[in-house]
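Please open the model in your viewer, with side chains switched on and a distance tool at hand. The tour below moves from one selection to the next and says what is to be found at each stop.

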Amino acid sequence: MATRVTAGGEHPVPVADELEADTAELHRALTELIRVYQFRDRDRICCYDVSVTQCYALEATVLDGPLSLNDLAARLYLDKSTASRVVDGLERKGYVERTESPRDRRVLRLVATPAGRALHARIQRDLLDQERELLSEFDPEVRRSMTRLIGQLARAASARVDTSGGSCCIVG
């Protein structure tokens with residue numbers, strides 16, 4: 001029988017139950033991390049006159065643009081109409097613009113404006129300052145391992161998400 005060390009001490013755990021225990025532990029850890037980051041993002045990003053979703057859209061447009069609205073919606077896991085409203089707000093504020101695709105004039109591409117790029121850079125600096133402070137508490141090897149593992153987990157989770165506009169399952 002394997003043992004598991006938790007905050008409450010060392011406990012025997014049957015090997016068959018290890019995956020279940022690891023799953024529950026990962027769920028608790030990710031839930032807490034996501035909750036903390038959601039509040040951090042809401043509290044920090046609103047200082048820049050954009051919503052968290054607008055910030056994510058701006059970031060995608062800056063880093064991966066120009067993007068079609070469909071591509072942005074898929075990247076943000078939103079339906080097209082919601083993504084369009086997010087872009088409308090960014091466009092009103094002068095952070096993105098819709099331009100015609102050089103290959104097909106019927107297709108609009110989303111491009112970050114200079115003001116949008118500048119805003120993204122300011123937000124990024126603020127968030128990276130926080131991350132630097134957080135990471136400074138860990139040894140370099142742990143920081144690199146953490147970053148690698150979280151990236152792998154994010155890619156694995158992303159590969160399992162339906163980006164076609166979302167669907168709701170019926171829980172029975």
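**First stop: a pair of acids and one arginine**

Select Asp 88 and Arg 98, which form a salt bridge in which the closest N and O atoms are 2.3 Å apart. This pair links distant parts of the chain, since Asp 88 sits in helix α4 while Arg 98 belongs to strand β4, ten residues apart. Please keep in mind throughout that this is a predicted model.

Now add Glu 91 to the selection: its side chain meets that of Arg 98 in a second salt bridge, at 3.0 Å from N to O. Through shared partners, Asp 88, Glu 91 and Arg 98 are joined into one network. Are the members of this network buried, partly exposed or exposed? Asp 88 counts as partly exposed because its relative accessibility is 28%, Arg 98 falls into that class at 24%, and Glu 91 does so at 31%.

**Second stop: a bridge between two loops**

How many salt bridges does the structure hold? There are six, and the next one to display is that between the side chains of Lys 93 and Asp 49, with a distance of 3.9 Å from N to O. Here Lys 93 lies in the loop between α4 (80–92) and β4 (96–100), Asp 49 lies in the loop between α1 and α2 (52–64), and the two are 44 residues apart, so that the pair links distant parts of the chain. With a relative accessibility of 33%, Lys 93 counts as partly exposed, and Asp 49, at 49%, is likewise assigned to the partly exposed class. As background to these stops, side chains of opposite charge can pair when their charged atoms come close.

Stay on Asp 49 and turn from its side chain to its backbone. Its phi is near 70°, which is a positive value in a residue other than glycine.

**Third stop: the loop between α3 and α4**

A positive phi is also found at Tyr 77, where the angle is about 60° although the residue is not a glycine. To find it, select the loop between α3 (69–76) and α4, in which Tyr 77 lies. Tyr 77 has a relative accessible area of 41% and is therefore partly exposed.

**Fourth stop: α3 against α4**

Next, show the two helices on either side of that loop. How do α3 and α4 lie relative to each other? Their axes come within 9 Å and cross at roughly 105°, and the two helices are therefore roughly perpendicular to each other. To view the contact itself, select Leu 69, Asn 70, Leu 72 and Ala 73 in α3, which meet Lys 80, Ala 83, Ser 84 and Val 87 in α4. Sorted by class, this contact of α3 with α4 comprises five nonpolar, two polar and one charged residues.

While α4 is on display, pick out Ser 81, which lies in this helix. Ser 81 counts as partly exposed because its relative accessibility is 43%. A distance drawn from Ser 81 to Leu 69, C-alpha to C-alpha, comes to 9.3 Å in space, for two residues that are twelve apart in sequence.

**Fifth stop: a cis peptide bond**

Move now to the loop between α2 and β3 (67–68), where Pro 66 lies. The peptide bond that leads from Gly 65 to Pro 66 is cis, with omega near -5°.

**Last stop: α1 against α5**

Finally, select helix α1 (residues 18–45) together with helix α5 (residues 114–135), whose axes come within 11 Å and cross at roughly 140°. This angle makes α1 oblique to α5, and the crossing in which α1 passes α5 is right-handed.

Which residues should be shown as sticks to see where α1 and α5 meet? On the α1 side they are Tyr 37, Arg 40, Asp 41, Arg 44 and Ile 45, and on the α5 side they are Ile 123, Asp 126, Leu 127, Gln 130, Glu 131 and Leu 134. If you colour the residues of this contact by class, they divide into five nonpolar, one polar and five charged.

Note on methods
Residues are numbered from 1 along each chain as its sequence is written. This is a predicted model: local features need pLDDT of at least 70, side-chain atom pairs count only at pLDDT 80 or more; totals for chains, interfaces and linings use all residues. Side-chain values use heavy atoms; hydrogens and water are left out. Axes are lines fitted to C-alpha atoms, for helices over the stretch in contact, and angles run from 0 to 180 degrees between N-to-C directions. Helices (H or I, at least four residues) and strands (E, at least two) are DSSP runs, numbered from the N terminus. Angles under 35 degrees count as roughly parallel, over 145 as roughly antiparallel, 65 to 115 as roughly perpendicular and the rest as oblique. A crossing is left-handed if the near helix is turned anticlockwise from the far one by less than a right angle, and right-handed if clockwise. Contact means heavy atoms within 4.5 Å. Ala, Val, Leu, Ile, Met, Phe, Trp, Tyr, Cys and Pro count as nonpolar, Asp, Glu, Lys and Arg as charged, and the others, Gly among them, as polar. A salt bridge is a side-chain nitrogen of Lys or Arg within 4 Å of a carboxyl oxygen of Asp or Glu. Buried means under 20% relative accessible area, exposed over 50%, partly exposed in between (1.4 Å probe, protein chains only).
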